[in-house]
Structure formats: structure tokens, C-alpha cells
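Colleague: I am new to this structure and would like to learn how its features are read. Could you take me through them one at a time, with the general idea before the case?

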Amino acid sequence: MQRVGQKRGVHGLLVALLLIVLVLVPMASAATSSSQEEGFNLTASPLPIDLTTKPGKSVTTDLRVQNSGNEPVKIKVGLLKFKASGDNGQPQLLKRGPGDDYFDWVTFSRTNFIAQPGVWNDVTMTVSPPADAAFGYYYAVVFSEDSANTTPPPTTGKLHGATATLVLLDVQAPGEKRQVAVTSFTASKKLYEYLPTTFTIQIRNTGNVHVVPTGDIFISRDHKHNLAVLAVNPNQGNILPNSGRIFPVDWTDGFPTFTIKRVAGQIVSDKSGAPIQQLRWDFSNTNKLRFGRYYAHLLLTYDDGTKDVPIDAEVTFWVIPWKLILLIVLVPLLPALAVYLVMRHRVKNLRSKRAKYVAGQHN
């Protein structure tokens, strides 16, 4: 009990000194996809779709698209493929290439229809893989305006005047391998003055079918008492085979914290285009003043087809509000320094007067 009281006393002293310092230092202040272009406005749902089947066995799913515009629109249904673009989870849409016979496995209940304003339209997609099909196939079902003036979808990149639903097909066959590895788990710095701390988890899919890893980062001072639990991949993002993905996670629960500066809701950037950070003081969080060494323990799991496989990693970092500490140290020293300087000045004057007096006596 005495130790707890001492900790509370030290914390109270820090908060009190912090308030003194602030007088001296100025304070700083459901998943859908849509396309809208000149009145053509479509919304598709859901996104994405995961399908699982066996070789030689068909599987179906319902796709939905809504005309969110004000006029009826003639819609056509097309098919592209996609792959991972970079490491941020964005898909890269591609047209059918040589050897892409898995396009022939797909049929739709309808490929053209009139979409009335505000009405959801259902399209059934059927995929019929042959007996020799295996592992992962990745489709993008494209809904676009069916007119002579419509520009075909680009070979790569974003769609214009169209929207797409991503469909991930897993044909479970002998030899399927679900496996991911954490290639890197880092904090953006080893030493922070204030939060946030940004963690970066790099994950590589070394298998032959898409995988969804999920988990948490546990923040502690002693590996026993967690100060925070941060979700990793809460949106259930897939990682495609032979590709990697980066998941950034921020720990922002501190006092004070750096936040992105905004004016009228808009992010303020510096000359190089980087967002400007400003320090935010929320005095309801004074008990969250962060100081010392912290441990961030990563625990991920993924389904390898038979069981959940755990992966863990750890990184350490420091939070030292050195400017604040320096000011807190200087606050009680300033009066003592002032007294010392005054006394020194008086002693110097007395010595000077005494020296003059002695010199006058000798003369």
C-alpha cells in the first residue's frame, strides 16, 4: 500500500508540475463500392466475395448493383481478373490474358439489363471449375454502362464509369498450401517524445491460395499488464499468393499526443506535402502520460485449412517526453538560480566596497 501511495504521489507531482509548465510554454493546439461519372452512378455490394468449392463442382453467388442516379441506365456485365498492386491491399485489374481459361468457367444469369433509379438488381454468378482446377482464382465482375460511347475498361488501374465486385475463388484440391510469414514487425522509431507510435507489420503469403491473417498487438511495460490491445487487419483483408501486404497500426492513447493539423476539416500539409503534426493536450487523459520503455507483442493467427496457426513477434521502443522533463526539472531550479545570482551580485558588491575601503586606508 505504501508503494502504491508513493506512485500516486509521484504521478500527482508530475501532473502539478506539468500544469505549471503549461503556464510557461504556449500550448499547441456496410462495405460498398461505387462509381460516379457525369450522372452515371452505380453502387455494388457486397465486397469482396469469397467462394470455396472442389474440382469439378460448381458454385454460385448473388451479385447486387444499384443505379444511384436519377435516370434509368442500361447495364452490361463484364469479367476481368485482378492481382495485388503493391503492398497496401489495392487490387490491380487486368484483362484476360493467354492461358486464362478460367474465364470460361464463369456464367451470369444475365449480362444486360435496365437498372431503374434506386433499385437493387441481382445477378447470379456461377463458376464451374473443371476436374483439374486447383487453388486460387481471382475475378473482378464489372458493371458498366452499355452504350456505343462507353470506353472499354483499361488494361490495368482504376475503372472509369464502372464499378467492380471482387470474387476470390478457392478450389480446394490436394497440394493446397495456406501459409503466411511475418517478414517484418517494426516501430517507426526507437524513441518517441510523445505518441502516436506507428507499427508496421509486413506479411508475405508463401502459399498458393489467399489467406486472411488477423490478430492483435499487446502493449505493456512488463509483459504482464497490457496498457492497450490494438487490432491488426480488423477488416479481414486477404493476402494473395506470392504477394505481400503491409498493415500499419497506431497507438494513440497517450497524453499529450501528436495529431494531424486540420483547418475546416481539411488536412494542412507542409511544403513537401507531408501532413503537419500538432500537439494536442487533453487534460482528461493526464493519467496517460507515457514515459519509459514499452514492449509491443504481436500475435497473429491464420487458418491453414486444418487449424489456426499462431505467429508472434515483438519490438521494444521508448517514450521520453524530454522537453517536458527538462522544463519540469528547471521549474524548481529557477528560483534557486535567481537567489544564487542575487546573492552573488551582493557579495561581489560588498567585496568591491571593502577593497575600496582598504585601499583608502592605506592611502
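Modeller: Let us begin with a strand, keeping in mind that this is a predicted model. A residue counts as buried when its relative accessible area is under 20%, and by that reading strand S11, residues 162-171, is mostly covered, with 10 of its 10 residues buried.

Colleague: Which residues of S11 lie on one side, and which on the other?

Modeller: On one side are Ala 162, Ala 164, Leu 166, Leu 168 and Asp 170, while Thr 163, Thr 165, Val 167, Leu 169 and Val 171 are on the other, and all of these are buried, so that both faces of S11 are covered.

Colleague: Which strands pair with S11, and in what sense do they run?

Modeller: Strands are said to pair if at least two bridges are found between them. Strand S3, residues 49-53, runs parallel to S11 and is joined to it by five bridges, with Thr 53 having Val 171 as its bridge partner. Strand S10, residues 135-145, pairs with S11 in the antiparallel sense over 10 bridges, and there Val 141 stands opposite Thr 165.

Colleague: How many aromatic pairs does the structure hold, and how is the geometry of a pair read?

Modeller: The structure holds 17 aromatic pairs. Planes over 60 degrees apart count as edge-to-face and those under 30 as stacked, with the rest tilted. The rings of Tyr 102 and Phe 103 have centres 5.4 Å apart and planes at 50°, so this pair is tilted, and both residues are buried. For Phe 255 and Trp 281 the centres are 5.7 Å apart and the planes stand at 80°, so that pair is edge-to-face. Because Phe 255 lies in the loop between strands S17 and S18 and Trp 281 in the loop between strands S21 and S22, the pair ties together parts that are 26 residues apart in sequence.

Colleague: Which charged end sits over the ring of Tyr 294?

Modeller: It is that of Arg 221, 4.8 Å from the ring centre, and Tyr 294 also belongs to an aromatic cluster whose members include Phe 185 and Trp 251.

Colleague: Is Leu 326 buried, partly exposed or exposed?

Modeller: Residues between 20% and 50% are partly exposed, and Leu 326, at 45% relative accessibility, therefore counts as partly exposed. Leu 326 is found in helix H2, residues 322-362, and is one of the residues of a nonpolar surface patch with about 1,000 Å² of accessible area together.

How values were computed:
Residues are numbered from 1 along each chain as its sequence is written. This is a predicted model: local features need pLDDT of at least 70, side-chain atom pairs count only at pLDDT 80 or more; totals for chains, interfaces and linings use all residues. Side-chain values use heavy atoms; hydrogens and water are left out. Buried means under 20% relative accessible area, exposed over 50%, partly exposed in between (1.4 Å probe, protein chains only). Helices (H or I, at least four residues) and strands (E, at least two) are DSSP runs, numbered from the N terminus. Patches are made of residues with over 30% relative accessible area and no salt bridge: like charges are joined within 9 Å, nonpolar side chains (Val, Leu, Ile, Met, Phe, Trp, Tyr) within 5 Å. Accessible areas come from the Shrake-Rupley method with a 1.4 Å probe; for residues, only the protein chains shown count as cover. A salt bridge is a side-chain nitrogen of Lys or Arg within 4 Å of a carboxyl oxygen of Asp or Glu. Rings of Phe, Tyr and Trp (its six-membered ring) pair if their centres lie within 6.5 Å; planes under 30 degrees apart count as stacked, over 60 as edge-to-face and the rest as tilted. A charge sits over a ring if NZ of Lys or CZ of Arg is within 6 Å of the ring centre and within 35 degrees of the ring normal.
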